[in-house]
Amino acid sequence: MLFGAASTGKRVFTTSSSPGISLMQEAISYMAGAQLPVVIVNIMRGGPGLGGILPAQSDYFQSTKGGGHGDYRLLVLAPSSIQEAVDLMMLSFHLADKYRNPVMMIGDGMIGQMMEPVEFPDKYEEPELPPKTWAATGAKGRPAHIIKSLFLDPIALDKNSWILHEKYERMKKEEIRFELYNHSPKNEIMLIAYGTMARICQTAIDALKQEGISIGLFRPITLFPFPEKQIYKEATKENIRELLVVEMSTAQMFEDVERAVYGKKKVNFFGRTGGIVPPPEEVMEHVKMLLNKKSKDKKKA
Amino acid sequence: MEQFEVTLAGFGGQGIMTAGQLLAYSGMKAGKKVVWLPSYGPEMRGGTAYCTVVISDQNIGSPVINNPYCICVFNRPSFDKFEPRVKPNGILIVNSSLINVSSQRKDITQLLIPANDIALKAGNVKTANIIILGALIGASKVLDLKIVKEIVKEKMSKKKELLDLNLKVLKQGYDLAIEELSQKEKV
């Protein structure tokens with residue numbers, strides 16, 4: 001349905017929670033191949049399979065690496081508050097059109113169920129976009145527009161793949177979004193988390209500060225394109241000794257962070273799954289474990 | 001203002017979510033940052049539905065609060081589950097109409113409010129949640145009662161009878177909490 005509606009040049013949108021999104025993967029691959037702008041929201045629940053219905057972040061790979069087949073990527077946004085979800089929602093329709101590519105917003109049951117005050121801008125000023133000259137709007141008096149992902153000629157398919165690739169490279173240049181929290185040259189540890197988990201880390205950071213421990217947070221807002229250069233830059237600062245990735249999954253974004261820091265710093269992981277949302281206290285405990293371990297290492301040396 | 005956190009817990013149908021939302025809307029009206037987070041799913045079938053409201057002057061980080069400053073329990077399973085979780089020096093409000101035990105903790109302030117009895121007497125047992133909400137405001141002073149009244153007027157039934165009843169029991173809960181607290185201080 002999204003494929004058909006998007007083909008007419010209208011803005012289209014759908015939402016589901018993990019298993020429903022799995023069912024859509026074939027169509028998502030087709031839409032990426034046919035360069036259709038659509039917006040999809042996945043409020044993630046625990047998996048695999050039927051899993052559970054409580055909050056999780058375990059569809060990171062599916063969203064960022066392509067759950068469907070073929071050489072394609074989605075532009076993936078991860079809000080950590082309701083206000084940000086509102087702001088990114090407006091942006092996601094723009095980005096879908098700008099790149100003629102599916103955009104996926106991922107949240108978890110917290111973002112999905114929580115209520116927070118939000119402000120809508122009086123007027124949304126959207127940067128101008130090129131007209132949709134490719135859309136199927138009725139071919140009377142002009143040659144028909146064909147919207148498809150089928151290219152049986154290998155040369156044509158190769159060409160299409162590289163057109164897509166170029167778009168993804170452009171996204172990496174133009175669309176990376178992230179936020180730093182409590183960054184200071186005193187910090188020895190940098191947390192990396194997105195969505196709800198990032199908020200929980202912020203509370204942990206504030207509480208640790210009261211105990212005299214200063215650590216920072218790197219929060220990716222775009223998961224694809226992933227802010228790898230930016231993470232590298234922050235992680236390789238002299239004062240940072242180790243990183244701690246915190247996710248509601250069994251170490252998915254962790255792999256991208258490891259890739260980003262290129263072995264220059266040790267990357268640790270802490271996560272819970274199945275709908276368990278780790279409270280700030282558990283994050284604090286892990287940070288302290290890392291700090292204690294290090295002071296022991298120091299003594300040995 | 002430091003961050004204020006409250007969890008309201010009880011059976012589904014006791015108006016837990018509504019009471020929490022009224023509090024969140026009131027906080028918003030007072031110009032504070034607020035978060036309202038419901039429990040849902042399988043937990044609900046275990047006898048307790050609950051929601052957490054956070055009110056603060058600063059941006060709110062974690063919506064998940066293990067040990068809130070204030071907890072209102074509407075039924076026995078909620079008492080058993082949440083009584084140990086009240087933050088030290090915090091407040092526990094117990095619907096003593098349905099809960100025949102009380103906390104033995106010495107490090108918290110406990111208020112026993114017979115909300116269902118008061119509600120029945122007032123003419124509608126469904127207003128028990130509003131009584132607890134009133135008691136919560138009276139005990140914590142987190143917001144001005146006036147603001148909560150305005151929100152009740154805005155969000156609750158527009159039927160005059162019901163609205164008047166809600167406003168009346170809100171004040172009753174508020175007064176009762178203040179009275180209980182002052183008695184505790186005397187002791």
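**A walk through chains A and B**

Let's start in chain B with Lys171(B), which counts as partly exposed, at 34% relative accessibility. Keep in mind as you look around that this is a predicted model. Lys171(B) has a partner: it forms a salt bridge with Asp175(B), and the closest N and O atoms of the pair are 3.0 Å apart. Both residues sit in helix α6 of chain B (residues 160-186), with their positions 4 residues apart, or about one turn of the helix. Asp175(B) is partly exposed too, with a relative accessible area of 34%.

Another pair in chain B reaches across the sequence. Lys29(B) forms a salt bridge with Glu150(B), where the closest N and O atoms are 3.6 Å apart. Lys29(B) belongs to helix α1 of chain B and Glu150(B) to helix α5 (residues 145-155), so this pair ties together parts that are 121 residues apart in sequence. Lys29(B) is partly exposed at 40% relative accessible area, and Glu150(B) is partly exposed at 36%.

Now for the place where the chains meet. Here 18 residues of chain B are in contact with 17 residues of chain A. About 1,500 Å² is buried between the two chains, and carbon and sulfur atoms give 69% of that area. How many salt bridges are there between chain B and chain A? The count is 0. There are, however, 5 residue pairs in polar contact between them, counting pairs with both residues at pLDDT 80 or more. On the chain B side, α1 (16-29) and β2 (33-38) each supply at least two residues. β2(B) gives the most, with 5 residues. By class, the side of chain B that touches chain A has 12 nonpolar residues, 6 polar ones and no charged ones.

Move over to chain A, which is divided into domain 1 (2-174) and domain 2 (179-300). The C-alpha centres of these two domains of chain A lie 29 Å apart. Where they touch, 31 residues of domain 1 are in contact with 26 residues of domain 2. Together the two domains bury about 2,300 Å², 56% of it on carbon and sulfur atoms. In domain 1, Gln57(A), Tyr60(A) and Ser80(A) lose the most area to domain 2, together 31% of what that side buries.

What about charges across this boundary? The count between domain 1 and domain 2 of chain A is 3 salt bridges. Elsewhere in the list of charged pairs is Lys65(A), which forms a salt bridge with Asp256(A), with the closest N and O atoms 2.7 Å apart. The domains also share 15 residue pairs in polar contact, both residues being at pLDDT 80 or more. The elements giving two or more residues to the domain 1 side include α4 (60-65), α5 (82-99) and α7 (154-174) of chain A. α4(A) gives the most, with 4 residues. That side of domain 1 has 19 nonpolar, 5 polar and 7 charged residues.

One last charged pair is in domain 2's stretch of chain A: the side chains of Glu282(A) and Arg272(A) meet in a salt bridge at 3.0 Å, N to O. Glu282(A) lies in helix α11 (residues 280-300) and Arg272(A) in the loop between β10 (266-271) and α11, so the pair ties together parts that are 10 residues apart in sequence. Finally, Lys98(A), Arg170(A), Glu174(A), Glu175(A) and Arg177(A) are linked in a network of salt bridges.

Technical notes
Residues numbered from 1 in each chain as written. Chains lettered and ligands numbered in written order. Predicted model: local features only at pLDDT ≥ 70, side-chain atom pairs only at ≥ 80, totals over all residues. Heavy atoms only, no water. Domains from an automatic or database assignment. Contact = heavy atoms within 4.5 Å. Buried area = accessible area lost by both parts, 1.4 Å probe. Salt bridge = Lys/Arg side-chain N within 4 Å of Asp/Glu carboxyl O. Polar contact = N/O pair within 3.5 Å; in protein donor to acceptor, adjacent residues only side chain to side chain. Nonpolar A, V, L, I, M, F, W, Y, C, P; charged D, E, K, R; others polar. Buried < 20%, exposed > 50% of the residue type's maximum accessible area, 1.4 Å probe, protein only.
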